Amino acid sequence: MTVFTALFSHYRRHPWQGTALALLMLLATALWTGIHHLTSQARDSLGQSERLVEVREQVQRVDGAALTVEDFVLLRRQGLCVMPWLEVLPEGQSRRVIGVDPLAALCFQGQADVASFDGQPLVGQPFLDIADAAALTAAEQQLFLILAAGEGPLPSAYRTAPFALSPDTGQLGDSFLLNLDALSVLVLLITGLLLRSVYLLSLSQRRDSFALLARLGVSGRRVRGHLLLELLCLAALTLIPGIWLGQALASVLEGGFTNVMEGLFDSRQLATGGNHWRVPALVMTVLLLAVAMVDWLMPMVARATPGNRLRPAAATLLVLVGLAGVWLANALWLLFVALALVLAGIGWLMPRGLSLLSGAGVRASAQPGWRWWWAEFGVLCRRLALPLVALQFSLAMVLAVQALVITFEDTFDRWLSQRLSADVYVQVPEGADSALAANWLTEHLPSADEGLWHHVQRGSGRFRHGQAWQDVDIFAVTPVGPLMTGWGLLEQTSQPWQTLASGAGVMVNEQLAYRLGLSVGEELELVLAEQALKLPVLGIYPDYGRPAGEVLIAGQILPADFEVTFESFSISPASVPIETITDALRALWAEPALTIRDNRAIQDLANRVFEQTFMLTRAMTVLTLALAAVALLLMGWVFLSTRLWYFRLLEVWGMTKAEIFRKLLLLALAVTLSAAALALPLGVGLTWVLVQHINPLAFGWSLPMAVYPVFWLELLALALLIGGCIALLMRRQLGRPAVRPSVTGSVTGEER
Amino acid sequence: MRLRWLTMMLVYGLLAGCSEPGTDAGFAGLGGTAGPDDGFEQPGPGTELVFPRDFGPHPAHRIEWWYLTANLETDTGEPLGLQWTQFRQAIESRDDESPSPEPSGWPLQAAWMAHAAVSYREQHWFGERLARGYLGQAGATAEPFQVWLDHWQLTTGESPDQWLVQVSHGQPDTEDYWAFDLELTVRGAPVAHGVDGFSAKSASGEGSMYFSLVDIEVTGQVRLGRETLPVRGKAWFDREWSSQFLKAGQQGWDWFALHLDSGDKLMAFQLREQQDHFRSGTWIPAGGEPIALAPGQLQLEPGTGAEPVPTRWRLAVPDHDIDLTLSAPPGNYTNDGLYPYWESPVTVTGSHEGVGYMELTGYSEP
Amino acid sequence: MGGELANGENVKVHSAVNVSGLRKTFGQGDSAVAVLSGLGFALPAGSSLALMGRSGSGKSTLLNILCGLEQADAGTVTLFGADGRTADWPCLRRERIGVVFQEANLMPTLSLLDNVRFRAALAGQPETRCQHWLEVLDIGELGQRFPDQVSGGQRQRAALAMAFAMAPDLILADEPTGSLDRNTANEVADELFRLQAETGCSLILATHDAELAARCQQTLDLGHRSGG
């Protein structure tokens, strides 16, 4: 018999241990593959989208008539790459759908990319095939023709205009991706913990075999070598089905996800399918080996680790240093390192803390029965430390993601409502005189009864930062009225809008304030078209769209020679119908083809796209939690089965099976509930770090922090459910005759 | 509504990006069966060719193509190969009499795909375009004969035997741009393959209607980047339609069309199956009547050691004293589109000398 | 004390344990192994019985049946006058039957004293006598130690302390000295028989050891009875 068969015979005798290790490995691989796959997918989509978004244009008829399929055919037969985009509001429904033609979209991506064209059709809300969209009975319907980048001259009857489906959400998207990254790192950490726990368990179960081999003169090095080989075999066996399962999982979610990313980044680009399996295969193998070899490769580290007494102090120190780091970090990588320290420290402290709790419980209990229960609780917490920490992290992550998602949703919704506060938005055509329109609107919409409006002018100015001057985006509004004053401000002086309207101050976006450390009341030196101004900051407004700094001013302080790069009118009609207004503007500007966007439609579409994104994020975190729960279940079962004898001893001592089950249930519930209770502060902390620290560091803006106690209760209930499942599993075991721990096999079972 | 798209994706794999050879649907979904309930017509040995009608589309059939390959030379005598193909894939069948669907509904009854490629100095340029039918964006008519998708087109010139083929790809005045503009003079009557135009594709009766114009004179210009090359030479034009090309289990085909210096022409193909290959062809002697070649009369063997497809072949018809070696020039001539396949010019040596074209499909990595 | 009370309650019978026609078969069909076939014996209150026999002869099975952890296929078991079929076994085990195994009799998470207290509390006996029992068994100073901190012999002494602390009427001992060296085994056996005699409880002892068996008043050799 070789050393290898001797070692492997362990799994023949204890097939459940091998199975548990393999199953966990498989599930962990599947989970991480799935998440990695989706993250890569998202990144690909984003990359492609960004290339497209920057040069998005639409085609319009010079005569202002609506576009038809004939226009599309005419342009295509000229060799121009245009794609139809049919927005339909189905009759009797409040939500719009978009019909697209994936066949026509092929020319949008350049022939070099054809091989990576994955064939994910653009289906799924809000996108449909254009034939299906056209077949709907429509209350409203509008065809847009989108022009690919760099297309040659249009026939004279057509001209281009910018095409914006929604406000540029690129930054919110980036933020989402960053969170997704943080998530997958955390999942990897959790996976590592789980693998390590199963590995350690299997090792401890095999200490006798190792001792026997050592007595037979087999060197430790040789045993380790064979163990390594065994692990590699296991990896080879489980990686492939795991990766396959993960890919299957991802592809189930992918359909929705691809659309989400496309919708989110306003792109019809299809993501590359690509084989994302190599990275997970490599990562999981390395992870497994690292998990297995961490003891052997770093004996020095192990020696340097403080002894039992000093460990809690070292862990506390780690947490404190980490927390200080999180507080002070001024770079993203520092923040991540600090966060990792905090997590490591907490992971280290958690079992220790529960163990102390158990000791206190033992001391506080007079009854021997309760003393036994508390002592068992302590053993359980120590033996299941790693899967418990994994469960704690998973719960914390679910909590953080939940809070984050709700926050994102709320914020995005509020921000959209603020940015799109007017119902309709009319772009001022090039060369048209906006003053004519402003006069007309002043005359015909004098009050809110007729309708609300303001004139938006954008351009660029400079501001003084220390000794240097920097460029900044200028956002001028005339008049500053009810469409603006509803904006939520992060910081403000008293009566900020009145002061802004009078031209006696400016507002800045959060990005600019964050970068300059500006607060309300400070003065900002601005240069607009060579005219110098020194004005106080009246308010700081949230701005999630772009990284650029922006200064909001009243239009009246713009110098006459200020170069306006973009002009529009935001209008919310009341008694005066919008058609009257747009007809009047067409006539004033002698311009039949106006770019008019319905902000309600934009908001609706954008919201729906986000809904799906968030649903997916939640699904992924729930999967992680499920894995942690399964792991704890498996480990709890495996470990408790080694202690089955002692539960049977209670039966011998005259306890009924029901009494024993109650004790067991209470134990399992206490363990999972403790993990969940400890997860709550961690989760809240994690949320806080994500929204208050990571986002400002990455993007310059933060999301409002909110907590959702009802969800905490749900998580606690979930933890109880997991505990209940463990107890139920054990009840089955209790029905079977227990094997008395043998002399050699008693190592773990008799632990106290 | 979603279902409709899914059906299209699954059955026709039109946008599938990768076709899996060896699956029951066959290469590019060409093995889809014509059942009695899906409304598609399936040609058989009794089906007749009718001209000029059959130059136009056959909406009652599932798939068809217009296929032009040309072996040309530049004014300095360098060989240049060229391909223009347009495919029609029906998603719903439609009989010839019923009216076309309204363009305003953006119908998805048929999808069109156009391919164009230029092979020159061991390099290969390839382009692909897709469109839905019945909008006017893509289509074909028999009288006047024309086939188009976007601005790529084959049109008839002043007389019915004068054709013009125009293709351009990319933005003019860039390095990536390429285009061709050809004048074709068609000589001779259409050559019907198989039994009066019904070309069997398996021993069990699957097949297609298939005719060719084998004697076409070509002049024109090919533009590659900023370089313009005057070209002349000869072309081969295929028309083929069916509702089921491949039977289940057929993995792909190898097809050859050869212009021999003797003035004779030869078309030969084989459909690869797990065990046996189904072979067929037509020998077109100069000035004589076309002779259909029975499966047993053709010998066709790939050379060894070629990647990613066999680029050397031995083709023999002992009954007609033909024993040829066909070889593709060095280079990779994969048309790397939604369904990758190999399309390259070949030179002919052996019992006869000449040039021709070779199409190899259904290889795992063409 | 408990024994007297128990005997006082069951004045009608003079046997602590009465077994007749006991059968137990494991498995089914061809692979069935009859472990016990028609076993019968009576154990007077306060006396001792040694169960002899090879491994697998059914010693442990019989002990399990006698404390209600397993059911016999046929036959009757009467304990202190109560019919085994209707007896409240958990209650019997809690208060009247002490069980001592070869090893692992103690909860590893509790100190020796806590183990004894746990067992006594379950049996409804005062905890105040627990330290006394440890002292009786000569391990009075080890009460705060945990099972893994004492020797095997000391563990078995603690197990005996637990069994006697519950004031049993019957002690079932399954190879109680089986994992101890000769000297220690003799010392533990001495304590067992001494305390059994002092408290007047009955004892059924399963053992391989003929010397140990000889110290019991009766011997039942299962090795001869279980033929197949």
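**Chain B, overall.** I began with the surface of chain B in this predicted model. Chain B exposes about 14400 Å², and carbon and sulfur atoms supply 50% of that area. I then looked up its secondary structure and found one helix and 23 strands. Chain B has 366 residues, and 58% of them count as buried. I also checked how far apart in sequence the contacting residues sit. Among contacts in chain B between residues at least 6 apart, 57% join residues at least 24 apart.

**Ser212 in chain B.** Next I picked one residue to follow. Ser212(B) is found in strand 12, which covers residues 207-224 of chain B. Is Ser212(B) buried or exposed? Its relative accessible area is 0%, so Ser212(B) is buried. I wanted to know which side chains its own side chain meets. One polar contact goes to the side chain of His193(B), at 2.6 Å. Another goes to the side chain of Asp238(B), at 2.5 Å. I listed the residues it touches as well, leaving out those up to four places away in sequence: Ala189(B), Pro190(B), Val191(B), His193(B), Trp236(B), Phe237(B) and Asp238(B).

**Salt bridges in chain B.** A search of the whole structure gave me 36 salt bridges over all chains. I noted the general idea beside that count: side chains of opposite charge can pair when their charged atoms come close. Then I opened two examples in chain B.

In one of them, Glu175(B) pairs with Arg226(B), and the closest N and O atoms are 2.6 Å apart. This pair links distant parts of the chain, its two residues being 51 residues apart. Glu175(B) sits in the loop between strand 8 (162-169) and strand 9 (178-187), while Arg226(B) sits in the loop between strand 12 and strand 13 (227-244). I looked up the surroundings of Glu175(B) too: with a relative accessible area of 57%, Glu175(B) is exposed.

In the other, Glu301(B) forms a salt bridge with Arg279(B), with the closest N and O atoms 3.7 Å apart. Glu301(B) lies in strand 18 (residues 299-302) and Arg279(B) in strand 16 (residues 277-284), so the salt bridge ties together parts that are 22 residues apart in sequence. How do the two partners count for accessibility? Glu301(B) counts as partly exposed at 42% relative accessibility, whereas Arg279(B) counts as buried at 16%.

**A network in chain C.** I moved on to chain C and found Arg194(C) and Glu198(C) meeting in a salt bridge of 3.2 Å, N to O. Why are these two separated by about one helical turn? They are separated by that much because they are four residues apart in helix 7 (residues 182-199) of chain C. Arg194(C) counts as partly exposed at 34% relative accessibility, and Glu198(C) is exposed at 55%. The pair does not stand alone: salt bridges that share partners join Arg157(C), Glu187(C), Glu191(C), Arg194(C) and Glu198(C) into one network.

**Where chain C meets chain A.** Here I looked at the interface. 28 residues of chain C are in contact with 28 residues of chain A. Together the two chains bury about 2500 Å² between them, 65% of it on carbon and sulfur atoms. Met107(C), Thr109(C) and Phe118(C) supply 24% of the area that chain C buries against chain A, more than any other three residues.

How many salt bridges cross this interface? I found one. Asp114(C) makes a salt bridge with Arg371(A), the closest N and O atoms being 2.8 Å apart. There are also six residue pairs in polar contact across the interface. Helix 3 (89-95) and helix 4 (112-122) of chain C each supply at least two residues of the side that touches chain A. Helix 4 gives the largest share of that side, seven residues.

**Chain A, overall.** I ended with chain A. Chain A holds 24 helices and 16 strands. Of its 752 residues, 56% are buried. Its accessible surface comes to about 30200 Å², with 62% belonging to carbon and sulfur atoms. Among its contacts between residues at least 6 apart in sequence, 82% join residues at least 24 apart.

On that surface I noted a nonpolar patch of Trp333(A), Leu334(A) and Val337(A), which together have about 300 Å² of accessible area. Leu334(A) is found in helix 12 (residues 332-364), and Leu334(A) is partly exposed at a relative accessible area of 33%.

Conventions
Residues are numbered from 1 along each chain as its sequence is written. Chains are lettered from A and ligands numbered from 1 in the order in which they are written. This is a predicted model: local features need pLDDT of at least 70, side-chain atom pairs count only at pLDDT 80 or more; totals for chains, interfaces and linings use all residues. Side-chain values use heavy atoms; hydrogens and water are left out. Patches are made of residues with over 30% relative accessible area and no salt bridge: like charges are joined within 9 Å, nonpolar side chains (Val, Leu, Ile, Met, Phe, Trp, Tyr) within 5 Å. Accessible areas come from the Shrake-Rupley method with a 1.4 Å probe; for residues, only the protein chains shown count as cover. A salt bridge is a side-chain nitrogen of Lys or Arg within 4 Å of a carboxyl oxygen of Asp or Glu. Buried means under 20% relative accessible area, exposed over 50%, partly exposed in between (1.4 Å probe, protein chains only). Contact means heavy atoms within 4.5 Å. Buried area is the accessible area (1.4 Å probe) that two parts lose on being put together, summed over both. A polar contact is a pair of N or O atoms within 3.5 Å; within protein, one must be able to donate a hydrogen and the other to accept it, and residues adjacent in sequence count only if both atoms are side-chain atoms.
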